[in-house]
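Good morning, and thank you for joining. I would ask you to bring up the structure so that we can go through its sheets and one helix pair together.

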Amino acid sequence: MKNRWDASRFSEEGPSPLTPLPPGEGNLEQLVYQSRLVGAEGSLVLWGGGNNSIKRTGVDPMGNTIDVMDVKGSGSDMKTITAAQFPAVRLDYVRSLLERESLEDDEMVDFLARCLLDPKMPRPSIETLLHAFLPAAAVLHTHADAILAVTNNRGREITVRECFGDDVLIVPYIRPGFAMSKGVADLAAESANARGLVMMNHGLLTWGETPKEAYDRHVELVTEAEEYLNRRRAIRGPAAIAAAGPSRIAELSLQIRGALSSKSHVVLRFDGSAEALAFAATPGLEELVARGAATPDHLLHIGRYPLVFRPQEGESDAEAVARALADHRSRYEAYFGENQDAPAEMLSSDPRIIIAPCVGIWTAGKDARGSRIVSDIFVHTRRIIEDAEGAGGYESLPDREMWRGEYWPLELYKLTLLPKDKELAGHVAIVTGGARGIGRAVSMRLASEGAHVVVADLNEEGAREVALEICRLQGLDRAFGVRMDVTDPSSVEEGFQKMVLRYGGVDVVVSNAGIAKGGALRDLDDDAWHQSLAVNTTGHFYVTRAAMRAMKLQGRGGSVVFNATKNVTAPGAAFGAYSVSKAAEAQLCRIAAIEGAEFGIRANMVNPDAVFEDSRLWQEIGKERAAAHGITLEELPDFYRQRNLLKLSVTAEDVAESVLFLAGPRSAKTTGTMIPVDGGVREAFPR
């Protein structure tokens with residue numbers, strides 16, 4: 001492992017130092033810098049893992065000089081952490097606990113809350129005692145892959161000694177808390193010259209007088225572990241594995257996501273890399289992965305064990321998925337019942353990792369970020385397993401300890417801090433014509449309520465810009481843009497396939513793309529007529545067909561929302577091609593509602609009128625419509641506003657609100673309807 005510390009500069013963005021080092025050693029700024037360097041190394045910590053601290057002189061509220069410790073806040077991410085995420089605790093208070101013989105977890109948490117210098121600071125790490133009880137000024141703890149590969153094998157302590165010799169301390173696995181912290185402190189006091197401490201199935205602890213010294217020792221020991229594993233690693237030749245094609249992967253993704261979304265929607269992430277395929281082809285895979293996560297910290301994200309999916313002879317994919325999932329749930333329920341040693345409500349029995357030999361590996365989460373976290377951690381778990389196998393055979397904790405880690409109240413507490421799910425949490429939506437106007441507003445609104453959005457448009461650059469804006473506002477992986485020509489069935493199918501491969505499925509389809517061709521029937525040319533039908537009718541058919549096929553395969557229903565028009569019920573003169581093609585779209589919606597009902601697929605439409613903002617439609621036909629009404633182009637918006645009963649202008653955001661209602665659970669018992677969004681145009685009342 002490369003030592004990335006630059007003694008002359010700090011980093012604000014990770015391992016690329018930018019700002020000058022302030023004077024003095026062992027300060028909080030150095031600790032933040034150390035955190036960023038460690039957090040940038042995926043082989044050291046992942047997604048909030050690891051913790052560190054610095055002891056220093058501080059001032060209490062009365063102005064008295066006291067010893068304090070800045071420690072990583074619970075749940076903070078080391079790669080992005082700031083100084084404000086290091087709560088300061090009084091060392092004299094915390095160290096007084098060394099006199100205790102025992103301390104329950106809930107007592108420890110309550111006590112630490114009273115040790116905070118500022119009660120508004122984040123909750124201190126659950127390993128605060130471990131840091132406080134050690135005399136060194138700076139302490140660093142990680143779940144380094146190489147360390148876990150050395151500890152998680154059948155050689156156990158013997159392997160650790162082979163790797164490091166006798167100047168590294170070893171602590172058998174014990175759950176974090178008072179007992180572990182006191183035991184580590186006693187052991188460290190007896191061995192003042194130790195280079196560090198290896199916690200079996202837990203990770204590495206190093207210390208020093210400065211964050212730099214603790215970091216240097218950490219890199220040194222991890223490097224020794226990596227070199228040891230390289231010497232022991234079995235040489236494997238390249239595996240020749242026949243990988244599945246995208247259509248097969250997409251079909252399985254839909255069926256797996258549907259099966260996992262029986263209680264709440266999940267988002268999938270697929271890994272079909274050569275490394276994933278090679279791991280999925282490992283002999284004895286089921287038994288190997290059943291040994292469990294490398295550390296309880298990983299367990300909280302990836303679950304007790306993956307599901308290995310192997311269809312039996314004569315089974316369809318749907319039957320095989322259902323059987324495999326039922327077996328997995330039964331197995332987890334048995335594990336819970338056999339190992340429960342304290343009152344607890346059983347967590348979800350569904351797998352978060354699904355492995356299919358010759359296909360790849362799926363990971364599941366409540367959103368794209370969640371599935372990405374599971375994926376990242378399991379990539380490292382695979383490497384730990386492979387390295388540990390080479391060093392004697394991978395081995396994890398017994399089921400009882402796994403259960404205690406998974407149902408540890410201090411970790412379950414973090415779940416209570418999560419924000420309430422939004423209306424479309426875990427949903428996947430696709431919006432055609434999403435680059436501008438109503439499509440853009442709908443995309444933004446669905447995303448704001450938790451949906452993952454595929455922005456589809458003939459204008460690929462515009463679709464990507466909208467998707468980037470969504471990601472900026474809602475988080476990475478929450479949207480992406482694709483080019484889609486709704487008049488081309490292959491383009492539509494390709495767009496849906498990209499969505500399924502990215503997120504695992506589809507729940508909401510907003511068929512919005514359209515064009516407007518004006519002109520009296522007697523003057524209308526053939527191209528205008530056929531283009532109107534191609535986009536406004538046939539295009540909606542291609543999108544509807546793809547949606548219903550995917551939703552039926554997924555088996556969880558869904559919502560298709562059509563952007564029709566006020567002209568469906570109140571056509572206008574010199575607007576025949578638009579009105580006729582849109583009326584056909586409305587009939588398509590009704591048929592989709594009839595045919596989709598048995599599969600739980602709802603189909604509804606919105607009928608907007610006179611939405612001018614950011615509208616290509618009005619840019620193309622504005623002059624023509626103004627001329628048809630005998631007014632100027634500048635007078636057109638007010639003309640339409642005065643025409644409706646409420647005398648209000650209709651915006652794209654107004655339409656998006658109605659689409660959101662029809663897309664989500666609030667309209668779960670509504671199908672085949674139309675909602676006017678026109679300010680009240682009397683002749684357009686649905687009838």
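Across which strands does helix H24 lie, and at about what angle does H24 run to E19? Helix H24 (residues 652-663) lies across strand E17 (508-511), E18, E19 and E20, and runs at about 165° to E19. Here, helices (H or I, at least four residues) and strands (E, at least two) are DSSP runs, numbered from the N terminus. Axes are lines fitted to C-alpha atoms, for helices over the stretch in contact, and angles run from 0 to 180 degrees between N-to-C directions.

A word on the basis of these values. This is a predicted model, in which local features need pLDDT of at least 70 and side-chain atom pairs count only at pLDDT 80 or more, while totals for chains, interfaces and linings use all residues. Residues are numbered from 1 along each chain as its sequence is written, and side-chain values use heavy atoms, with hydrogens and water left out.

Let us turn to the sheet beneath that question. It is an open sheet of seven strands in the order E16-E15-E14-E17-E18-E19-E20, with parallel pairing; two strands pair if DSSP finds at least two bridges between them. Strand E16 (479-483) and strand E20 (674-677) stand at the edges with a single partner strand each, so one side of each is left without a neighbour in the sheet. On average, neighbouring strands of this sheet are turned by 20° against each other, direction ignored. Within it, strand E18 (residues 558-563) and strand E19 (residues 601-608) pair in the parallel sense over six bridges, and Phe 562 stands opposite Met 605 in E19.

A further open sheet has four strands in the order E10-E13-E12-E11, with mixed pairing. E10 and strand E13 (residues 360-365) run antiparallel and are joined by five bridges; Val 267 stands opposite Gly 365 in E13. Helix H14 (residues 368-390) lies across E10, strand E12 (353-356) and E13, at about 135° to E13.

Finally, the helix pair. Helix H17 (residues 437-448) and helix H18 (residues 460-474) pack at an angle of about 25°, with their axes 10 Å apart. That makes H17 roughly parallel to H18, a term for angles under 35 degrees. The contact (heavy atoms within 4.5 Å) involves residues including Arg 440 and Met 444 of H17 and Glu 469 and Leu 473 of H18.

Definitions and conventions
Angles under 35 degrees count as roughly parallel, over 145 as roughly antiparallel, 65 to 115 as roughly perpendicular and the rest as oblique.
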